[in-house]
Amino acid sequence: MSRKLPALNPDTAPFWQGGQHGKLMIHHCTPCARYFHPPAPICPRCASLDVGPRPVSGKGKVLSFTINHQQWVPGLDVPYVVAIIELDDQEGLHFVSNVIGCQPEDVAIDMPVRVSFSQVEDIWLPLFERIA
Amino acid sequence: MFDRLFEKDVAITGIGQSEVGRPSSKSAMRLTVDACLEAIADAGLTREDIDGVACWPGDNNNGDSFSPVGPSALKSVLGLNVNWFGGGYEGPGPLTGIINGAMAIATGLCRHVLVFRTITESSGRARNKAAGALSNKTVGRDTSYFWQWYTPFNVHSGVNLMALYAQRHFHEYGTTPEQLAQIAINGRRNAALNPKAVYRTPLTLDDYFASRMISTPLRMLDCDVHCDASTAIVLSRADAAKDGPNPPIRIEAIGAALNQAWSWDQISLTEMATFDVARMMWSRTDLTPADIGSAQLYDGFSILTMIWLEALGLCPRGESGRFVEGGQRIAREGEMPLNTNGGQLSGGRTHGLGYVHEACLQLWGRAGERQIAPHQVAVAAAGGGPLGGSLLLVRD
């Protein structure tokens, strides 16, 4: 199904294009030694400009999820799973994605997942699949 | 912390509301005019007395049905001479117009501010079913600072994000669908006594479970109902408020804080903005949750009402499921009458000011068949995710 794609800018491109090299890139603050998301040119915690994308493990767990049944726009295949994935790399480091590759009803909170990139045009969407 | 709490200088003196249509045959501007003229007259004022106009979210995308009328257009159409006017989406949620209007009065810019909110999503959806999809908010690539993190993952509606909060609430606190259903059932029970409500036929638990699943665990009946309507509130400086026909309803305290990221997923999933908002509100008053006689709490999605109940201290954190279970506590005759006009789930998605309108009707004893026991303190709160604001209202 076709997806709405994000506009790229120098701050966000590493997140959306890291999959080209098989890497999930998350912004990191050097003084804090912590990741933050979404990517921005300044650390929201300490205001340092010494920030930039770093590869993370790509492994995590489902923090919350929902099975969407409503066809919001023409051509949308349902059902599908929208989830918030918390990465293993840092507690509280999480973002919205999709869980793919399993039946929607098999998804559960705390289920371990790993990133699986899906390329659409110049975007490598970081989707997640269950770790068997 | 502060030597002056600005909202103490401001009172609500009049309210108005257009018809609530699904859809309405009137133009968005006509609905707005109907609401505003009613509110101005209710306050015992004339157009010449209004010297400020406030609105959330203001003119939104050239007549988009989410907010087709902004303060600039209304000011011109009503022929108002104003010292200050303003609107815009960015602020503490659907009550932003009231909070900004109160600030304009407290700073001495205005004496009487007209606050309004018009929404025509019923006719909007009739023209284009996908008009409201988040993925249609931008043309081409998503350039929105906020939505770009969700729309590529097929988050087309806010309900997907609220469903993530609901699922987490179920997981952490053991909240059940049967408990969540009480928000919709309570709303419908109250809407039956509200002649303007969109849905008035009784609702059972079976009806709830028979309603279509939209985004687990939220069903159709957990989502508010689109309508065409406008609601208006007149704010007056406290000294000027005494001259009107209505006993002034003082703004005892406002909540507008956000101490987390403005984000739908980086914010606490079990708190959203609501706990920040409520902490601020209670820090500005000597009143306590025990003083509240009625609660008009945002039910754009049922789970949000549950979280507001907890945030405002109307029940302990994580206990909203058990608090609403069976529906007796939140009924009109219960210990915490909730959404007494049917809320947005059954009354119609007037989006924010409807809660304030109903709080005032109840405080003034003008709620007709659905009037609850006389009380002096009401709370209105609106918003979900990073949007959140609250008002503690007192009729002395």
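In this predicted model, helix 5 of chain B passes helix 10 of chain B in a left-handed crossing. The axes of helix 5 (residues 158–173) and helix 10 (residues 302–311) of chain B come within 9 Å and cross at roughly 55°. Angles of 65 to 115 degrees would count as roughly perpendicular and those under 35 degrees as roughly parallel; helix 5 of chain B and helix 10 of chain B are therefore oblique to each other. On the side of helix 5 of chain B, the contact is made by M162(B), Y165(B), A166(B) and H169(B), and helix 10 of chain B answers with I303(B), L304(B) and M306(B). Sorted by character, the residues of this contact comprise six nonpolar, one polar and no charged. The spacing along helix 5 of chain B invites a general remark: an α-helix has 3.6 residues a turn, so residues three or four places apart point the same way.

Helix 10 of chain B is mostly covered, with 10 of its 10 residues buried. Among them are the contact residues I303(B), L304(B) and M306(B), together with W308(B) and E310(B). Just after helix 10 of chain B comes G313(B), which takes a positive phi of about 80°.

Attention now turns to where the two chains meet. Here 28 residues of chain A are in contact with 30 residues of chain B. Three strands of chain A, namely strand 4 (59–68), strand 5 (80–87) and strand 6 (94–100), each supply at least two residues of the side that touches chain B. That side of chain A divides into 17 nonpolar, nine polar and two charged residues.

Two of these strands also belong together within chain A. Strand 5 and strand 6 of chain A run antiparallel and are joined by six bridges, with A83(A) standing opposite S97(A) of strand 6. The pair forms a hairpin with six residues between the strands, and in the turn G92(A) has a positive phi of about 85°. Strand 6 of chain A has a further partner in strand 8 (residues 123–130) of chain A: the two run parallel and are joined by two bridges. In that pairing, I100(A) stands opposite E129(A) of strand 8 of chain A. Strand 6 of chain A is also mostly covered, as six of its seven residues are buried.

Elsewhere in chain A, an open sheet of three strands has the order 2-1-3, with antiparallel pairing. Its edge strands are strand 2 (34–35) and strand 3 (51–56) of chain A, each of which pairs on one side only. Strand 1 (residues 24–29) of chain A pairs with strand 3 of chain A over six bridges in the antiparallel sense, and P53(A) in strand 3 is the bridge partner of H27(A).

Some backbone details in the loops deserve a look as well. A33(A), in the loop between strand 1 and strand 2 of chain A, has a positive phi near 55° although it is a residue other than glycine. M272(B) is also a residue other than glycine with a positive phi, near 50°, and is found in the loop between strand 8 (249–255) and helix 9 (274–282) of chain B. Their surroundings can be set side by side: A33(A) is exposed, with 8 other C-beta atoms within 10 Å, whereas M272(B) is buried, with 27 other C-beta atoms within 10 Å.

Cis peptide bonds complete the picture. One joins H37(A) and P38(A), with omega about 0°, and P38(A) sits in the loop between strand 2 and strand 3 of chain A. In chain B, the bond from T216(B) to P217(B) is cis, with omega near 0°; P217(B) lies in the loop between strand 5 (213–215) and strand 6 (218–219) of chain B.

How values were computed. Residues are numbered from 1 along each chain as its sequence is written. Chains are lettered from A and ligands numbered from 1 in the order in which they are written. This is a predicted model: local features need pLDDT of at least 70, side-chain atom pairs count only at pLDDT 80 or more; totals for chains, interfaces and linings use all residues. Two residues are in contact if their C-beta atoms, placed from the backbone, lie within 7 Å. Helices (H or I, at least four residues) and strands (E, at least two) are DSSP runs, numbered from the N terminus. Ala, Val, Leu, Ile, Met, Phe, Trp, Tyr, Cys and Pro count as nonpolar, Asp, Glu, Lys and Arg as charged, and the others, Gly among them, as polar. A residue is buried if 20 or more other C-beta atoms lie within 10 Å of its own, exposed if 12 or fewer, and partly exposed in between; C-beta atoms are placed from the backbone. Two strands pair if DSSP finds at least two bridges between them. Axes are lines fitted to C-alpha atoms, for helices over the stretch in contact, and angles run from 0 to 180 degrees between N-to-C directions. Angles under 35 degrees count as roughly parallel, over 145 as roughly antiparallel, 65 to 115 as roughly perpendicular and the rest as oblique. A crossing is left-handed if the near helix is turned anticlockwise from the far one by less than a right angle, and right-handed if clockwise.
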